[in-house]
Amino acid sequence: MSIQNSDIDIELIMQEIKADIKEKGYTNDLLSFNDIVVDTSTMNVSKFDKISFNEEIYTVNHTWNVQAYRVINGSKIALFFKKVVRKMVYFFVEPIVLEQDGFNASIVRLMNQMNCYVDETKEQNLALKKQVEDLTEKIKQFEQK
Amino acid sequence: MQILQLIPTIAYGDAVGNDAIALKKILKKMGYVSNIYAESVVEPLDSKTAYKIDKMPKVNEDDIIIYHLSTGSELNFKFAKFKCRKIAIYHNVTPPEFFEQNDEFIKGINEWGLEGVRFLSDKVDYCLADSELNKQDLIDLNYKCEIDVLPIVVSFKDYKKTPNRAIVKKYSDGYKNFIFTGRIAPNKKQEDLIAAFYYYKKYYNDKSRLILVGSYKETDLYYMRLKKYVEEIGVEDVIFSGHIKFDEILAFYKVADVFLCMSEHEGFCVPLIEAMMFEVPIIAYNSTAIPGTLGGSGFLVDDKDPIFVAKCIDKVVSDKELKENLIKNQNERLEDFKYEHIAEQFKNYINAFIDKEQV
């Protein structure tokens, strides 16, 4: 269902607004967002964020396994040459990729261990916090007696 | 017969995940065995909401799997192999070009997502699309099966919860609050909101703030560029909320004077519905599914010039009659998205699909 803006004429309002801006002589001289460049050589994180951590864990668990074999496309002739090149470099590329995958797998396992550690520590902290609160309350009660 | 739902990732607060959870409830009410299975269940969601895919039971030919299609995943390709009846719900994949300068990884995921959507074009029996735009996308991608439009199910009941009191108190200080809700992402064009807000503050009211409610990663290049943009142009009172709790989101809607959306790609845009629920007047840029979701309500702008948008904000804030009319129209439009209405539509579509298949 579509609402008919019977009481409002948005088109007319927009025309009036544009005329008003023209009359006042306002012009947009703001810095363009396209000119904003940031240095990405550092990947600083200033505080721990469990949601981002989980998202990164998800990403690494799904992307650690890099494949040396690539499906190739193109015309018959291009396909032929690409297949020849793939065959020629495979013996060289495959061991490097396997080595990299081994390293990636270790890092991902390490991160998964860290994830478990964070969760376990969080639970322990909560339990300890509760214990401290209970004990503080008991001390207060003793002091009042 | 069981009707299962399959989704690559289900996360707290995610519109697609929320849709799956809402559909699960409707399917259960219809009397079907229905669970959600995902490759990844992101905390804090628990295993009761969705199960890991390796727990998925065997499916028979008369069973139905509903697959939520919205991103790049192995599941997009594995889904075709299930020997049962298959329904895809298309939530749209953000065009990869938006991530060109910002995130090569997400760009790759979305390219893979579109490849998956294309791959499934002749392998599903029926499709549901969140919007007319999504339906048209599927037709353009050569889908020949029947496609119906079913808006995302939004549980209105959840929005009746008490908003976070501390946030309501903090931001009810006489400042005008403009909000946009959605993760920090290049297609959502948060830079256009910042630019418009800069001019609003400069020409109309310095006692105002822009609140960008939505998650981000500290290391995300687009987020870093936005932060730098705010610094470089020297605009104050731009707040990045980050990932926050649901009651805090409700609080930001509660204190909002205008909901501002300059997004250039939306498959549906749930935050528009949320703004309608809180009777916050909407100013939105006319792109993709946004006019469809607004359905003639809201203040739909055809120009992104920040000075023009700033004046539109001022007009909505200062013209009481206009504001009241916008809210009145939004309230009328909201009726179309009521839970009971969409749930009924979904039931009818599913029953029609089952009946048709049995004939």
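Seven residues of helix 3 of chain B are worth picking out to start with: B:K107, B:I109, B:N110, B:G113, B:L114, B:G116 and B:V117 are its buried residues. Keep in mind that this is a predicted model. Below is a quick look at that helix, then a helix pair further along chain B, then a couple of backbone oddities.

**Helix 3 of chain B**
- Helix 3 covers residues 104-119, so to speak a run of 16 residues, and spans 22 Å from first C-alpha to last, close to the 22 Å expected at 1.5 Å a residue.
- Its buried residues pack against strand 4 (64-69), helix 2 (75-78), strand 5 (85-90) and helix 4 (132-140), which also belong to chain B.
- Where helix 3 starts, B:D103 puts a side-chain oxygen within 3.1 Å of the backbone nitrogen of B:F105.

**Helices 11 and 12 of chain B**
- The axes of helix 11 (residues 306-318) and helix 12 (residues 320-334) come within 5 Å and cross at roughly 90°, which means the two helices of chain B are roughly perpendicular.
- On the helix 11 side, B:K315, B:V316 and B:S318 make the contact, and they meet B:K320, B:L322, B:K323 and B:L326 of helix 12.
- That contact is a mix of three nonpolar, one polar and three charged residues.

**Positive phi outside glycine**
- B:K189 isn't a glycine, yet its phi is positive, at about 55°.
- You'll find B:K189 in the loop between strand 8 (176-181) and helix 6 (190-203) of chain B, and it counts as buried because its relative accessibility is 18%.
- B:T288 isn't a glycine either, and has a positive phi of about 35°.
- B:T288 sits in the loop between strand 12 (282-285) and helix 10 (290-294) of chain B, and is partly exposed, with a relative accessible area of 29%.

Methods: Residues numbered from 1 in each chain as written. Chains lettered and ligands numbered in written order. Predicted model: local features only at pLDDT ≥ 70, side-chain atom pairs only at ≥ 80, totals over all residues. Heavy atoms only, no water. Helix = DSSP H or I, 4+ residues; strand = E, 2+ residues; numbered from the N terminus. Expected span 1.5 Å × (residues − 1). Buried < 20%, exposed > 50% of the residue type's maximum accessible area, 1.4 Å probe, protein only. Contact = heavy atoms within 4.5 Å. Polar contact = N/O pair within 3.5 Å; in protein donor to acceptor, adjacent residues only side chain to side chain. Axes fitted to C-alpha atoms, helices over the stretch in contact; angles between N-to-C directions. Parallel < 35°, antiparallel > 145°, perpendicular 65-115°, else oblique. Nonpolar A, V, L, I, M, F, W, Y, C, P; charged D, E, K, R; others polar.
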